[in-house]
Amino acid sequence: MSFGTQLREYRDEYLHISQKQMAEDLGVDGATMSRYESSERSFPIYLVPLIQRIYNIPDDVLLAMILDKPLKTVRPFSNQTLDSTATYEKGFLAQYGSFIENEPLLKEFILRASSLDHENRQLLLSGMLNLMQLFDNQTSK
């Protein structure tokens with residue numbers, strides 16, 4: 001394993017966020033983030049403190065990731081996971097909460113999406129991401 005694969009494990013199992021979300025949080029391209037996590041590209045050292053700060057990663061866990069130690073052997077993660085997730089969610093709400101509150105159509109979309117079962121919600125969100133990509137492609141020309 002490498003730092004990138006350790007980071008992927010931490011992102012998947014403890015933060016429960018998408019690779020795309022992490023890429024956005026770090027200000028890197030999604031394909032670049034994928035290369036970091038698959039060890040096709042070395043993870044830049046200058047991003048390590050940013051990751052620790054954004055996701056509230058404890059020093060011992062970060063050190064285990066850097067030294068390529070299995071994360072599950074560092075400490076029981078149940079409370080730490082909840083702390084990291086809560087910190088991330090609090091930051092997300094602080095950044096986007098007023099935007100959501102002030103956009104009635106976005107609020108309606110969220111309400112409708114939340115009423116769907118998991119499979120249909122994932123289908124809807126995937127379709128919306130594809131639509132947004134098409135929109136980005138058209139507006140960047």
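Two residues are in contact when heavy atoms of one lie within 4.5 Å of heavy atoms of the other. With that in hand, Leu7 makes a good starting point in this predicted model. Leaving aside residues up to four places away in sequence, Leu7 touches Met22, Met33, Phe43, Ile51 and Met65.

These contacts lead to the overall plan of the chain. The secondary structure comes to eight helices and zero strands, and reading along the sequence gives the pattern α-α-α-α-α-α-α-α. The chain has 141 residues, of which 29% are buried. Contacts between residues at least 6 apart in sequence can also be sorted by separation: 53% of them join residues at least 24 apart.

Leu7 also appears in the largest nonpolar core, which has 23 residues. Leu7, Tyr10, Met22, Met33, Phe43, Ile57 and Met65 are the members that touch the most other members. Which helices each supply at least two residues of this core? They are helix H1 (3-15), helix H2 (19-26), helix H3 (30-37), helix H4 (48-55) and helix H5 (59-66). The largest share comes from H1, with five residues.

Helix H1 is also home to Gln6. Is Gln6 buried or exposed? Its relative accessible area is 0%, and because buried means under 20%, Gln6 counts as buried. The side chain of Gln6 has a partner in the backbone oxygen of Lys69, which it reaches at 2.5 Å.

The loops offer two residues with a backbone angle worth a look. His16 is found in the loop between H1 and H2, and its phi is positive, at about 55°, although His16 is not a glycine. With a relative accessibility of 55%, His16 counts as exposed, because the cut-off for that label is over 50%. Ser39 lies in the loop between H3 and H4. Phi of Ser39 is likewise positive, near 65°, in a residue other than glycine. The relative accessible area of Ser39 is 38%, so this residue is partly exposed, falling between the limits of 20% and 50%.

Attention now turns to the pockets. Rolling a probe the size of a water molecule over the atoms shows where empty space is left. In this model, the largest pocket holds about 1500 Å³ of space. Its lining is made up of 30 residues, and those nearest the centre of the pocket are Gln21, Glu24, Phe92, Leu125 and Leu129. The elements giving two or more residues to this lining are H2, helix H6 (78-101), helix H7 (104-114) and helix H8 (118-139). H6 gives the most, with 10 residues. What kinds of residues make up the lining of the largest pocket? There are 17 nonpolar, eight polar and five charged residues in it.

The second largest pocket has about 160 Å³ of space. Lys20, Leu129, Asn130, Met132, Gln133 and Asp136 form its lining. Here H8 gives the most, with five residues. The lining of the second largest pocket divides into two nonpolar, two polar and two charged residues. Leu129 is named in both settings: it is one of the residues nearest the centre of the largest pocket, and it also lines the second largest pocket.

Key. Residues are numbered from 1 along each chain as its sequence is written. This is a predicted model: local features need pLDDT of at least 70, side-chain atom pairs count only at pLDDT 80 or more; totals for chains, interfaces and linings use all residues. Side-chain values use heavy atoms; hydrogens and water are left out. A nonpolar core is a set of buried Ala, Val, Leu, Ile, Met, Phe, Trp, Tyr and Cys residues joined through side-chain atoms within 4.5 Å. Buried means under 20% relative accessible area, exposed over 50%, partly exposed in between (1.4 Å probe, protein chains only). Helices (H or I, at least four residues) and strands (E, at least two) are DSSP runs, numbered from the N terminus. On a 1 Å grid over the protein atoms alone, a cavity is a set of points where a 1.4 Å probe fits but cannot get out, and a pocket is an open set with protein on both sides within 12 Å along at least five of seven lines; lining residues have an atom within 4 Å of a point. Grid points are joined across faces, edges and corners, and a volume is the space filled by probe spheres set on the points. Ala, Val, Leu, Ile, Met, Phe, Trp, Tyr, Cys and Pro count as nonpolar, Asp, Glu, Lys and Arg as charged, and the others, Gly among them, as polar. A polar contact is a pair of N or O atoms within 3.5 Å; within protein, one must be able to donate a hydrogen and the other to accept it, and residues adjacent in sequence count only if both atoms are side-chain atoms.
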